Amino acid sequence: MVGEIRPDELRVDIGRLSRRIDELGQIGRIDGPNGEWGNARLALTDEDRAGRDLVVGWMRDLGLDVRIDAIGNVVATRAGSDPDLAPVMCGSHIDTVGTGGRFDGNLGVLAGLEIVELLDEHGIRTRRPFQVAFFTDEEGSRFAPDMLGSLVFVGGMPLEEALDVTAADDHSRLGDELVRIGYAGPVPCPTATPPHYFVELHIEQGPILEDEGITIGVVEGVQGISWTEVSIEGRSAHAGTTPMRLRRDPAYCAGALATFVRDVTRRLGGDQVGTVGRIDVYPNLVNVVPSRVVVAVDLRNTDDRVLQEAERLLHGYLDDLAADEGVEITTRSLARFEPVTFDAAMVDRVEHVARRLGHSSRRMSSGAGHDAQMLARICPTAMVFTPSVAGLSHNIAEFTEPDDVEAGANVLLQVLLEQLEPAT
Ligand SMILES: [Zn+2]
């Protein structure tokens, strides 16, 4: 018994949490035609800086010890009564895609701050330190690969290599952008102090929970991701005067490639998904056969063997396509992460807590990549999913009902409290 309430009876203040989500969402706000609104806070832009400043301000207001590492990850610590114990960490990211929502990532970070405020309010001390973190460039839209900050945090990519990554939009160097926005911190990265446990609350970003009327997703793992950038060099030509038989047309190849990606998912079936989400055409004019087209291919599967088969089929197809159309095709891997399975005992705990709080739940794997999959390399890790209305995410219409946000945050709270060891 601590204070006036038992720790297992603690519940988040959904009003306070929602206000923080909405306030952070004002930065880089995008309004849609039907009242929907979301965000553009691409990694290390001025909007990202403003979002970071707001959240770091909140962290300081809560009396947390805020540390910034060399890749710009921010870790805020609430002291534990036993400073020798490894901290329990929660967190996510606050960068967004160019047309993102206000829940993706932000929810997991701001729910952590809500939990800090709640513990303070009730005078609850914990034996272990409690950390709330946000990681740099989770989305990867501006700097590939995605989850870059957490990858460097766990030692999965050398810091210098990460600092030299260039932006897809203006080709600026990541390290320079970090300095420019004031988030090249002094703390060494990778981290020297791995957490005891890491838990990430996140929206599902897909339609399964809503479709089945379930409140909590108990995430067992994250599917493998393979991003390939395909550059197709052809021959620029006049659209009216060049006979079809004499063309070496990279735009045609890009279209054929998109069709192939769909076909390959049909052929492999199961969990295989494939997307062509970016096509850059040069010079991108109505009456010119393009000289060059760059296509990004995104392949994912929970089974790494099948994912490797998809990659093999892709490369075989590109060889054939280059020969048939007389174009030159080169590929570059932008990201390649194997599927991740979360710690079984942690997954059980999430399920147990969801049940204890009276929420319906189901086990599932994540279709999207998350910082938690990187943290899983250095400590036991779990994720909690909440439903996304209509399964929408990476879309300004992304929305999660307040009741579901509340349920997810309470599951996060109780899972964390079990590990934090509230002082008695
Ligand atoms: Zn996210």
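**Notebook: zinc site and second largest pocket**

I looked up His 93 first and found it buried, with a relative accessible area of 0%. I note that the structure is a predicted model.

*Zinc site.* I then asked which protein atoms serve as donors of the zinc ion. They are NE2 of His 93, OD of Asp 104 and NE2 of His 202, and they lie 2.0 to 2.2 Å from the ion. Along the chain I read the spacing of these donors as H-x10-D-x97-H. I placed His 93 and Asp 104 in the loop between β5 (88-92) and α3 (106-121), so the pair ties together parts that are 11 residues apart in sequence.

I also checked Asp 104: is this donor buried or exposed? I recorded a relative accessible area of 4% for Asp 104, which is therefore buried, since the cut-off for that class is under 20%.

*Second largest pocket.* I next turned to the second largest pocket and noted a volume of about 450 Å³. Its lining comprises 24 residues. Nearest the centre of this pocket I listed Arg 67, Val 75, Thr 77, Gln 131 and Thr 193.

I asked which strand gives the most to the lining of this pocket. I found that β3 does, with three residues. Both β3 (65-68) and β4 (74-78) supply at least two residues each to the lining.

Finally, I sorted the lining of the second largest pocket by class and entered 15 nonpolar, five polar and four charged residues.

Note on methods: Residues numbered from 1 in each chain as written. Predicted model: local features only at pLDDT ≥ 70, side-chain atom pairs only at ≥ 80, totals over all residues. Heavy atoms only, no water. Donors = N, O, S within 2.8 Å, 3.2 Å for Na, K, Ca; no water. Helix = DSSP H or I, 4+ residues; strand = E, 2+ residues; numbered from the N terminus. Buried < 20%, exposed > 50% of the residue type's maximum accessible area, 1.4 Å probe, protein only. 1 Å grid on protein atoms, 1.4 Å probe; cavity = no way out; pocket = protein on both sides within 12 Å on 5 of 7 lines; lining within 4 Å. Points joined across faces, edges and corners; volume = space filled by probe spheres on them. Nonpolar A, V, L, I, M, F, W, Y, C, P; charged D, E, K, R; others polar.
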